[in-house]
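Ready for some practice? Take a look at the chain below, then work through the exercises at your own pace.

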Amino acid sequence: MSSDLKRGLRDGIPICLGYFAVSFAFGILAVDSGCTVLESTLISLTNLTSAGQFAGLTVIAQAGSLIEMAVTQLVINARYMLMSIALSQKVDRDVKGVWRWILGFGITDEIFAAAIQSEGPVRRAYFGGLMSLPVLGWTAGTFLGAYLGNILPAILTNALGVALYGMFIAVVVPKSVEDKRVCLAVLLSVAISILLKYVPVFAGISSGFGIILCAVIASFAGAVLFPVEEEI
């Protein structure tokens, strides 16, 4: 086993644990919305997007149209396009062909955060290891939630939904403490998020599009204020 693969698997462990907890709650909700255990598991195996899947379940439960589903997923998951573009500038030359597709499928908020702050270029062995355990945790958690969810008390299943936020904080905070430029970009993003949430004029903006605005504005400000000098 290569060192890159080992490092990827190691970095993917906390993401896997966080995904397992959150997807357990998704599995319960999917069954309650009318999906079978198999259907619930296949949704998680083929999508790997928490907010998109929860929103998709709402459309399914309300018997929405395919157009409604497509538009909902486009708005909520559009941020992954930005992440893919950003990460494509950091990947090694061996990430090409089908590996580009795998990279696009495996990008989530947490996986992107771990990959983008890793030292050196992102090699395919590292990214393969990084995404493997989270995919496994997300799928396994959904299966167990769909199969065993009704056995657990509601207070426990509700608590599992908080795990993802704690895990994402654990990914972002260490890098923010280490680099003040990252810290300022994060604080700016948080400030914008608060404005979008509590200022009435922004009430019509969806959470998915709000994340895109926070990411674009904070990234642009960081690029302008703290440009990275390119090596000649």
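**Exercise 1: Around helix H3**

In this predicted model, a side-chain oxygen of Thr 49 comes to within 3.3 Å of the backbone nitrogen of Gly 52, at the start of H3. Your task: find how far H3 reaches from its first C-alpha to its last, and which of its residues are buried.

Solution.
- Step 1: Count along the helix; H3 covers residues 50-61, which makes 12 residues.
- Step 2: Look at the span; H3 reaches 17 Å, close to the 16 Å expected at 1.5 Å a residue.
- Step 3: Check burial, using the cut-off of under 20% relative accessible area. The buried residues in H3 are Ser 50, Gly 52, Gln 53, Ala 55, Gly 56, Leu 57 and Val 59.
- Step 4: Step just past the helix, where Ala 63 has a positive phi of about 55 degrees.

**Exercise 2: A salt-bridge network**

Which residues are joined with Asp 4 into one network by salt bridges that share partners?

Solution.
- Step 1: Start with Arg 7, whose salt bridge with Asp 4 has its closest N and O atoms 3.5 Å apart. The two are three residues apart in helix H1, so about one helical turn separates them.
- Step 2: Compare exposure: Asp 4 is buried at 19%, while Arg 7 is partly exposed at 22%.
- Step 3: Asp 4 also forms a salt bridge with Arg 123 (3.5 Å, N to O). This pair links distant parts of the chain, 119 residues apart.
- Step 4: Arg 123 meets Asp 92 in a salt bridge as well (3.4 Å, N to O).
- Step 5: Put the links together: Asp 4, Arg 7, Asp 92 and Arg 123 form one network.

Note on methods
Residues numbered from 1 in each chain as written. Predicted model: local features only at pLDDT ≥ 70, side-chain atom pairs only at ≥ 80, totals over all residues. Heavy atoms only, no water. Helix = DSSP H or I, 4+ residues; strand = E, 2+ residues; numbered from the N terminus. Expected span 1.5 Å × (residues − 1). Buried < 20%, exposed > 50% of the residue type's maximum accessible area, 1.4 Å probe, protein only. Polar contact = N/O pair within 3.5 Å; in protein donor to acceptor, adjacent residues only side chain to side chain. Salt bridge = Lys/Arg side-chain N within 4 Å of Asp/Glu carboxyl O.
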